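I opened a new page in the notebook today and went through one model, item by item. Have a look at it yourself before reading my entries.

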Amino acid sequence: GFTHSDGGHEISLSSGTYLIPANVPMPSTVARAAPGILLTLSGSEVPGGRAEQGYMRNADNHNQASVHFSGVIEVSGSQKLQVGMWQ
């Protein structure tokens, strides 16, 4: 029930229930960055679709983190899933 092209920034989903695992590793040069990710369906935030457990001190070579999300989402009709991130 999904389509995706390499290099694309979204996944097209048809109606159904989906288990969505996401793991986003990221580096940063920002001191004390607290990265997170946000899942959206066709531009609307997925309920419970935030993951904000990352932390990068950016000292003593601690400049990488990985943020994880796993959850079930319900899709009605055809929608586009996107995973956005911030630091």
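My entries below go from the overall fold to single residues.

**Ground rules**

I am working with a predicted model, where local features need pLDDT of at least 70, side-chain atom pairs count only at pLDDT 80 or more, and totals for chains, interfaces and linings use all residues. I number residues from 1 along each chain as its sequence is written, and side-chain values use heavy atoms, with hydrogens and water left out.

**Overall fold**

I looked up the secondary structure and found zero helices and seven strands; helices (H or I, at least four residues) and strands (E, at least two) are DSSP runs numbered from the N terminus. The pattern along the sequence reads β-β-β-β-β-β-β. I then took the spans of the C-alpha trace along its principal axes, which come to about 50 × 25 × 20 Å.

I checked burial next, with buried meaning under 20% relative accessible area, exposed over 50% and partly exposed in between (1.4 Å probe, protein chains only). Of the 87 residues, 32% are buried. About 5500 Å² of the protein is exposed, and carbon and sulfur atoms supply 51% of that area; the areas come from the Shrake-Rupley method with a 1.4 Å probe, and for residues only the protein chains shown count as cover.

For contacts I use heavy atoms within 4.5 Å. Among contacts between residues at least 6 apart in sequence, 68% join residues at least 24 apart.

**The five-stranded sheet**

I asked myself: in what order do the strands of the open sheet lie? The order is S1-S2-S7-S4-S5, with antiparallel pairing; two strands pair if DSSP finds at least two bridges between them. The edges are S1 (2-3) and S5, each of which pairs on one side only.

I followed the pairings inward. S2 (residues 11-13) meets S7 (residues 79-86) in the antiparallel sense over three bridges, and Ile 11 has Leu 81 as its bridge partner in S7. Six bridges join S7 to S4, again antiparallel, with Thr 40 opposite Gln 82. S4 and S5 share four bridges in the antiparallel sense, and there Ile 37 stands opposite Ala 51.

I paused on S4, because five of its six residues are buried and the strand is thus largely enclosed by the rest of the structure. Thr 40 belongs to S4 and is itself buried, at 13% relative accessible area. Outside its neighbours within four places in sequence, Thr 40 touches Glu 45, Val 46, Lys 80, Leu 81 and Gln 82.

**S3 and S6**

I turned to S3 and S6, which run antiparallel and are joined by twelve bridges. In this pairing Asn 23 stands opposite His 68.

Which residues of S6 point to the buried face? I listed Ala 65, Val 67, Phe 69, Gly 71, Ile 73 and Val 75 there, whereas Gln 64, Ser 66, His 68, Ser 70, Val 72 and Glu 74 point to the other face and are not buried.

Is Leu 19 buried or exposed? Leu 19, in S3, counts as exposed because its relative accessibility is 59%. Leaving aside neighbours within four places, Leu 19 is in contact with Ser 70, Gly 71 and Val 72. Leu 19 and Ser 70 are 51 residues apart in sequence, and their C-alpha atoms are 7.2 Å apart.

**The core**

I looked for nonpolar cores, meaning sets of buried Ala, Val, Leu, Ile, Met, Phe, Trp, Tyr and Cys residues joined through side-chain atoms within 4.5 Å. The largest one has 19 residues, and Ile 37 and Ile 73 have the most contacts inside it. The elements giving two or more residues to this core are S3 (16-27), S4 (36-41), S5 (44-51) and S6 (64-75). Beyond its neighbours within four places, Ile 73 is in contact with Leu 13, Gly 16, Thr 17, Tyr 18, Ile 20, Leu 41, Val 46 and Leu 81.

**Loops with positive phi**

I noted Arg 32, which has a positive phi of about 55 degrees although it is not a glycine. Arg 32 sits in the loop between S3 and S4 and counts as exposed at 56% relative accessibility.

I also noted the hairpin of S4 and S5, with two residues between the strands; Ser 42 in the turn has a positive phi of about 50 degrees. Ser 42 is partly exposed, at 48% relative accessibility.
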